[in-house]
Amino acid sequence: MKNQLLTGPYYFGMKDLEVFKKQFIQENKGKPLFLIRFENITGIELTEFLDLLRTEFYSCLDLEDISFGFHYLEKQNILLMGISPLFEWDIEKFPNIENSVGKFQQQCLQNKIVSFHFGVSRTQSNFISDNEEIFAELFKSSEKNLNDNLVRWSWTYYNKANTYISGSVHEAMIQPTVIFNPKEKTYSVKGGEVFLGGGAYIGYKDLINDIPSDQDLNRIELLILEKLISACEGAPGLLKFNISPQSLIDTFSHNDRVDRLKQLILKKDLSPENIRFELVEKPYDESKYQLKDVCHAFYSHGMSFAADDFGVKSQSHQIVLDLGIMIKEFKLDPISFKFKIEEDQIKFLDNLAFIDYCKRLADNREAVITAEAVEDFDTLNFLMEHQIYQFQANILFGKMTVTDYKRDFDLLHSIHEDVVKEVLTDKILSEKQKKVGNLFLVASEEGLI
């Protein structure tokens, strides 16, 4: 029997765990993986059970686009079956693996062929984690599913969030960054911040609400980052992605993971120099690894960082000081410029001083300042008077799909300041702009450009 287990293309890794991991995990990067754990197999020889899985169980799946392989843990008498798509499963046609195994188990019992217990686990074979991490996740989860007496574990097919992350549909939204050229008096789009949403989920918070409480959110954040990068395949301009400092430290403390992220970026026809990570304002622990050391590994590949929500009450100042020239952008929090001079003279002067401080920090790092959430033309004008020329604001652009962004990128440039002023100060046009969320499109439809 042992000789039989070592032969045939369908038995890869049957006796060699490393071969199984390579064939099942390494060669299916970016695809969803299912691991089925069979225990207490009685009434049949193992080779005969394998043949049943390749025939009867395969029929239960009712799916042609599938690859599978096996590994047998002889000492524990556990058979592992790995399943992954040959190409890509559509999110609408995702296979119900657990239901298929249950149907197969019922047929086997009814026909008195074999009895067994099973547990199903699922995860994404992501680009950054190595084979050992992914296999450990699958192995542990399949045991949990089995021990839960076949109660459907929340992180399998039935969980909407995992189906979304694993699906072939690449959905993402982007809010363009608009830059004013004071010499030419024109506005143009040079890139933008990428967000989750635009399809199965409206945004990040909606997805997080669907994540089971026992999951590692750092890993989820990594999977989301990979999905967003995949959604941006071939996108032009500077692309910015949110990430928490703690996730950065926990996930990328080893340089090989940064190297793998770079390979993913290149594979998606993107340039590392056009990738920027916005460090969100959250506390983090540097007891094991220093944030600046982790960030330097990215910076050495050409990637850069932004200080998000940077304002007078910001906790990001230490990050800015620690990372030095690796910070190439300050996302200016609205609290630093939302005020009325006639209402609060002290706040007005404090904010002027803070803007001046930001400009010195930016100049020292050859960085830019981006004003976020500018709500009216007067504030836009005030910022430009103080040499803030870059904006991420709904009055200019709301979120659009990455697909539309890629299609229209070449059109989103060189709109004169007179046109922008007309759209934002005219009552009817400004209301239209609030609904449409695309200043260039509104100006074009109105015949202004």
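**Exercise 1. Against which strands and helices do the buried residues of helix 4 pack?**

*Before starting.* This is a predicted model, in which local features need a pLDDT of at least 70 and side-chain atom pairs count only at pLDDT 80 or more, while totals for chains, interfaces and linings use all residues. Residues are numbered from 1 along each chain as its sequence is written, and side-chain values use heavy atoms, with hydrogens and water left out.

*Solution.* Begin with the terms: helices (H or I, at least four residues) and strands (E, at least two) are DSSP runs numbered from the N terminus, and a residue is buried under 20% relative accessible area, exposed over 50% and partly exposed in between, with a 1.4 Å probe and protein chains only. Next, list the buried residues of helix 4, which are I97, E98, S100, V101, G102, F104, Q105 and C108. One of them, C108, counts as buried because its relative accessibility is 3%. Finally, look for contacts, meaning heavy atoms within 4.5 Å: the buried residues of helix 4 pack against strand 1 (32–42), helix 3 (46–61), strand 3 (78–84), strand 4 (115–124) and helix 5 (131–147).

**Exercise 2. Work out what span helix 4 should have, and compare it with the model.**

*Solution.* The expected span of a helix is 1.5 Å times one less than its number of residues. Helix 4 covers residues 97–110, which is 14 residues, so the expected span is 20 Å, and the end C-alpha atoms are 20 Å apart, in agreement with it. After helix 4 comes K112, whose phi is positive, near 55°.

**Exercise 3. In what order do the four strands of the open sheet stand, and why does one side of strand 2 and of strand 4 lack a neighbour?**

*Solution.* Two strands pair if DSSP finds at least two bridges between them. The order in the open sheet is 2-3-1-4, with antiparallel pairing. Strand 2 (67–73) and strand 4 stand at the edges and have a single partner strand each, so one side of each is left without a neighbour in the sheet. On average, neighbouring strands of this sheet are turned by 20° against each other, direction ignored.

Now take the pairs in turn. Strand 2 and strand 3 run antiparallel and are joined by seven bridges, with F70 having M81 as its bridge partner in strand 3. These two strands form a hairpin with four residues between them, and N77 in the turn has a positive phi of about 55°. Strand 1 and strand 3, also antiparallel, are joined by five bridges, and here L35 has G82 as its partner in strand 3.

**Exercise 4. Which residues of strand 3 point one way, and which the other way?**

*Solution.* I78, L80, G82 and S84 point one way, whereas L79, M81 and I83 point the other way, and all are buried. Strand 3 is therefore described as mostly covered, with seven of its seven residues buried.

**Exercise 5. Describe the surroundings of L383.**

*Solution.* First place the residue: L383 lies in helix 14 (residues 377–385). Then check its accessibility, which is 0%, so that L383 counts as buried. Leaving aside neighbours within four places in sequence, L383 is in contact with F337, I355, A371, V374, I388 and F391. Among these, A371 is 12 residues away along the chain, and the C-alpha atoms of L383 and A371 are separated by 8.1 Å.

How values were computed
Axes fitted to C-alpha atoms, helices over the stretch in contact; angles between N-to-C directions.
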